[in-house]
Amino acid sequence: MTSNQDAIVGGDIDSSVDAEIADCLDLSSPRSFFLFAGAGSGKTRSLVTALEHIQKHLSNRLKKKGQRVGVITYTNAASDEIKRRLLFDPLIDVRTIHSFAWSLIEGLNHDIREWLRTELSTDIKILRAEEERGRKGTKASATRLSKIESKTKRLQNLDKVKRFVYSPIGDNRGRDALNHAEVLQLTSYFLKAKPAMQSILVGRYPILLIDESQDTNKNLIDALFAVEAAQKGKFVLGLIGDMMQRIYSDGKDGLGKELPSNWATPGKKLNYRCPKRIVTLINKVRSSADTQQQEPRSDAIEGVVRLFILPSGTSDKATTERAIARSMSKVTGDEKWNEPKAIKTLTLEHRMAASRMGFLDIFVPLYEVESWRTSFLEGTLPVSRFFTEEVYPLIRAKQSGDRFAIANITKAFSPLLTAEALRAAEDKQRHLQKVSAAIDELMTLWKDGADPTLLQVLRCIGQSNLLAIPDRLRMYGSSDQCLEKIMSSDEESESDRQTEQAVAIENFLKAPFSQIEPFANYIAGRAHFDTHQGVKGLEFDRVMVIMDDEEARGFLFKYEDLFGGKATGDKTVEGTRRLFYVTCSRAKQSLALVAYTGSPDRVRRFVLQQEWFSEDEVVTEIPS
Ligand SMILES: Nc1ncnc2c1ncn2[C@@H]1O[C@H](COP(=O)(O)OP(=O)(O)OP(=O)(O)O)[C@@H](O)[C@H]1O
């Protein structure tokens, strides 16, 4: 954005905010601040402006003392974006909350062990008491007993752990590993209880800024307030966020209600992102939650909003949504609504995106293994990563005749091309031909337009040893016996199955390979689909929001409740209202809302009566 363009926004009612924040960042007289404002009001932009101010004016002073500025963002993607905007300046340490917390406590092995000892003993005591009171032989009792067993085992092993380990993006399953919740609890506890820990934090980061702080773990927020109070004059805590965009249950209820009187509380009124019509809509949606209302920028376009209310039983939803996009193109005059990739489509749940993008068969089996979910969605689970990062790029390179890419992939992943394998080969030329023949053999699986299963692909690779197969897949890639077992697994009784994970892998391997491409695009964030929650902080020209409680099968968010099913103030209604506010406020030009519902008439009556939409903006039939 050039300064000229900024000037168009002109007579900017929020122009003093960045200067007010810059004043707070005075290291001789530091002042904490709370910048809470509506969607698209430029909070992230103000954060970057504040960091640029620090780079320009405080860099020398901070470097002399070996200090840095800490920035906590909600996602890895947001961290990367801020780092990029600040040209990867090492002065600014941008991290997610888990990475930040771990950076403070890593290596404090003795303290961690003692904390765990107390926690585990207390948990076991509570579980035992519950078990004594509760009914025996029930599922709840079995869960309690298994928890008691695993916690007791962990307690007994504690002294054997020399070094606790943790990965902010992993599943942390090992004996020495801490889980995500423990790392946050530990950090909060240490910061509250240990003055030395507070001094370490403030000594390292005299300025700590937290974006999306409405969703930052409440215990950690409380601990940081305690640090701020104890370290006055040495520390700036800057909280940035919007309570109307609190969509995770981890955040602190009522954050900002009892701020210390010396905090600065700059406010922003303008929405720089959304067209006029969308600003009016989100103001209406917000009006029953608080009194904050926004104004559009003076040069904002009018914009278009449509709400499509359709019965839950609508048969082919993907086709229906394509018809809706076509009708959006007509009402907006924007041809791009006819290009699926130019529309951001938001589903409440990953499964809904998987079904619309055509990768349900590979998705569901692995997604259902709870302990794998994080790494699976992040694309780091070895079982799926093998296909998305090694096999699929190799097949694509071969299909497009990209010899350079083929060479790179095989060099990086093929056991046949390691330095050792090449040294051991008697005739190098023949050895390389063998690799090439293995690739050709693999490609025959796609002959005449065939779409092999993942299992067929894996077995072919296993036979030639073309790629190194991850441990969990190895047995499926080599044994005939296993193949039979896999293929007949439908008939086997549940009790014959080894574990939940083995069953998941078997079902995953039955899926067609063609589903890998859309899946790989989805998890890499390259797809035009995302979840309602996943787009927090982002913006798109055209947004389609799919609301379908029946398909989402969730319990935290219920659009049926928001649209008149339950009264204002109900916890689910308010949570869903906030999510609705987040999704609607992502659109820069036009917005199509698609509500599948069991009571179309009630939803229509509700939105008209609330004046969220006008009659001509509500459509109750599938557009032709
Ligand atoms: N002062 C400004 N002048 C012009 N454009 C601005 C200004 N501030 C923000 N913008 C633009 O408005 C959009 C929204 O800004 P930003 O993402 O910083 O808002 P936000 O408050 O963090 O939004 P949200 O809470 O919805 O994630 C961006 O495209 C940004 O470049």
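Below, a colleague asks a modeller about the terms used for this predicted model.

Colleague: What are the ground rules for numbering and confidence?
Modeller: Residues are numbered from 1 along each chain as its sequence is written, and side-chain values use heavy atoms, with hydrogens and water left out. The model is predicted, so local features need pLDDT of at least 70 and side-chain atom pairs count only at pLDDT 80 or more, while totals for chains, interfaces and linings use all residues.

Colleague: Why is R144 called buried?
Modeller: Buried means under 20% relative accessible area, exposed means over 50%, and partly exposed is in between, with a 1.4 Å probe and protein chains only. R144 has 14% relative accessibility, so it counts as buried. It lies in helix α8, residues 139–157.

Colleague: What makes something a helix or a strand here?
Modeller: Both are DSSP runs, numbered from the N terminus. A helix is H or I over at least four residues, and a strand is E over at least two.

Colleague: Which residues does R144 contact?
Modeller: Contact means heavy atoms within 4.5 Å. Leaving aside neighbours within four places in sequence, R144 is in contact with L127, E130, E131, G134 and R135.

Colleague: Why is R385 called partly exposed?
Modeller: Its relative accessible area is 37%. That falls between the two cut-offs, so R385 is partly exposed. R385 lies in helix α17, residues 382–399. Not counting residues up to four places away in sequence, R385 touches G379, T380 and E390.

Colleague: How far is R385 from C460?
Modeller: Their C-alpha atoms are separated by 18 Å. Along the chain they are 75 residues apart.

Colleague: What makes L87 and F88 exposed?
Modeller: L87 has a relative accessible area of 71%, and F88 has 58%. Both values are over 50%, so both residues are exposed. L87 is found in the loop between α5 and β3, and F88 is found there too.

Colleague: What is the phi of each?
Modeller: L87 has a positive phi of about 55 degrees although it is not a glycine. Phi of F88 is near 55 degrees, again positive in a residue other than glycine.

Colleague: Why is strand β3 called largely enclosed?
Modeller: β3 spans residues 92–96. Four of its five residues are buried, so the strand is largely enclosed by the rest of the structure.

Colleague: How do you know that β2 and β3 pair?
Modeller: Two strands pair if DSSP finds at least two bridges between them. Five bridges join β2, residues 69–73, to β3, so they pair. The two run parallel. G70 stands opposite D93 in β3.

Colleague: Why is the crossover from β2 to β3 called right-handed?
Modeller: The chain crosses from β2 through helix α5, residues 76–85, to β3. A crossover is right-handed if, with the strands pointing away from the viewer, the path from the first strand over the helix to the second runs clockwise. This β-α-β crossover is right-handed, so its path runs clockwise in that view.

Colleague: What makes helix α6 largely enclosed?
Modeller: α6 covers residues 97–105. Eight of its nine residues are buried, so α6 is largely enclosed by the rest of the structure. Among the buried ones are F100, W102 and L104. α6 is followed by G107, whose phi is positive, near 95 degrees.

Colleague: What is the strand order in the six-stranded sheet?
Modeller: The order is β10-β9-β11-β12-β8-β13, an open sheet with parallel pairing. The edge strands are β10 (529–531) and β13 (618–619), because each pairs on one side only.

Colleague: How do you know that β11 pairs with β9 and β12?
Modeller: β9, residues 343–347, and β11 share four bridges in the parallel sense. β11 and β12, residues 587–597, share eight, also parallel. Both counts satisfy the rule of at least two bridges, so β11 pairs with each. In β11, the bridge partner of T345 is M544. M547 stands opposite A595 in β12.

Colleague: Is β11 enclosed or open, and what makes it so?
Modeller: Eight of the nine residues of β11, residues 540–548, are buried, so β11 is largely enclosed by the rest of the structure.

Colleague: How many bridges join β9 to β10?
Modeller: Three bridges join them, and the strands run parallel. T347 stands opposite T531 in β10.
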